[in-house]
Amino acid sequence: MANINYEDLEGLTLSMEDEDGTTTECDLQFVFEYEGQDYGAFCGEDIESGEFYFFAIDGNTNWKGETELEIEPVEDDALLEKLVEILQQIIDEEMDDSDLDDEDDEPDLDDDEDDSIWDEFIHKKLDE
């Protein structure tokens, strides 16, 4: 694993040019380790498409305390398949965690609240 301060990677963007000369801006979405190597999963502006680009990330801190990165595209098909699997696991775990967080935010309808005040108010309004 490289000597990288992951906070330094926040907001990292790559400009990629395809065979047609079209440039796509891709933002770093996930960083993870696999077999001792750091990888970054980048996605273009259309994150809904689910199309990710994988890059090996190496880096060190220079004498000024700045992070110097070396970013290389992953071209090995077998490795890409494995990275896609890992990314899917990460996304699934985050989705599960966010579902749990959402459940914590929902009011608990089973709470033993004293509804008598509201009942009184409603009956008063109906009687008027």
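The confidence of the predictor in each residue is given as pLDDT, which runs from 0 to 100. Helices (H or I, at least four residues) and strands (E, at least two) are DSSP runs, numbered from the N terminus. This is a predicted model, in which local features need pLDDT of at least 70 and side-chain atom pairs count only at pLDDT 80 or more, while totals for chains, interfaces and linings use all residues. Residues are numbered from 1 along each chain as its sequence is written, and side-chain values use heavy atoms, with hydrogens and water left out.

**Colour by confidence**

The chain averages a pLDDT of 78, and 67% of the residues score at least 70. Confidence in the chain is lowest in helix α2 (residues 116-127), with a mean of 56, and highest in β3, at 92.

**Select residues 37-44**

Start with strand β3, where eight of the eight residues are buried, so the strand is largely enclosed by the rest of the structure; buried means under 20% relative accessible area, exposed over 50%, and partly exposed in between (1.4 Å probe, protein chains only). In a regular strand the side chains alternate between the two faces of the sheet. Here Gln37, Tyr39, Ala41 and Cys43 point one way from β3, Asp38, Gly40, Phe42 and Gly44 point the other way, and all are buried.

**Add the neighbouring strands**

Two strands pair if DSSP finds at least two bridges between them. Strand β2 (residues 23-34) runs antiparallel to β3 and is joined to it by eight bridges, with phenylalanine 32 having tyrosine 39 as its bridge partner in β3. At the hairpin of β2 and β3, with two residues between the strands, select glutamate 35, which takes a positive phi near 50°. On β4 (residues 52-61), six bridges make an antiparallel connection to β3, and alanine 56 of β4 stands opposite tyrosine 39.

Move next to strand β1 (residues 13-17), which is antiparallel to β2 and joined to it by five bridges; leucine 14 has cysteine 26 as its bridge partner in β2. Along β1, Leu14 and Met16 point to one face and are buried, whereas Thr13, Ser15 and Glu17 point to the other and are not.

**Show the nonpolar cores**

A nonpolar core is a set of buried Ala, Val, Leu, Ile, Met, Phe, Trp, Tyr and Cys residues joined through side-chain atoms within 4.5 Å. The largest has 13 residues, and those with the most contacts inside it are Phe32, Tyr39, Ala41, Phe52, Phe54 and Leu83. The elements giving two or more residues to this core are β2, β3, β4 and α1 (77-105). A second, separate core of eight residues includes Leu9, Leu12, Met16 and Phe55.

**Finish with the aromatic rings**

Rings of Phe, Tyr and Trp (its six-membered ring) pair if their centres lie within 6.5 Å, and planes under 30 degrees apart count as stacked, over 60 as edge-to-face and the rest as tilted. By this rule there are four aromatic pairs. Phenylalanine 32 and tyrosine 39 have ring centres 6.3 Å apart and planes at 35°, so this pair is tilted. Phenylalanine 32 counts as buried at 7% relative accessibility, and tyrosine 39 is buried with a relative accessible area of 7%. For phenylalanine 42 and phenylalanine 55, the ring centres are 5.4 Å apart and the planes are at 85°, so the pair is edge-to-face. This pair links distant parts of the chain, with phenylalanine 42 in strand β3 and phenylalanine 55 in strand β4, 13 residues apart. As a last selection, take Phe32, Tyr39 and Phe54, which ring pairs link into a cluster.
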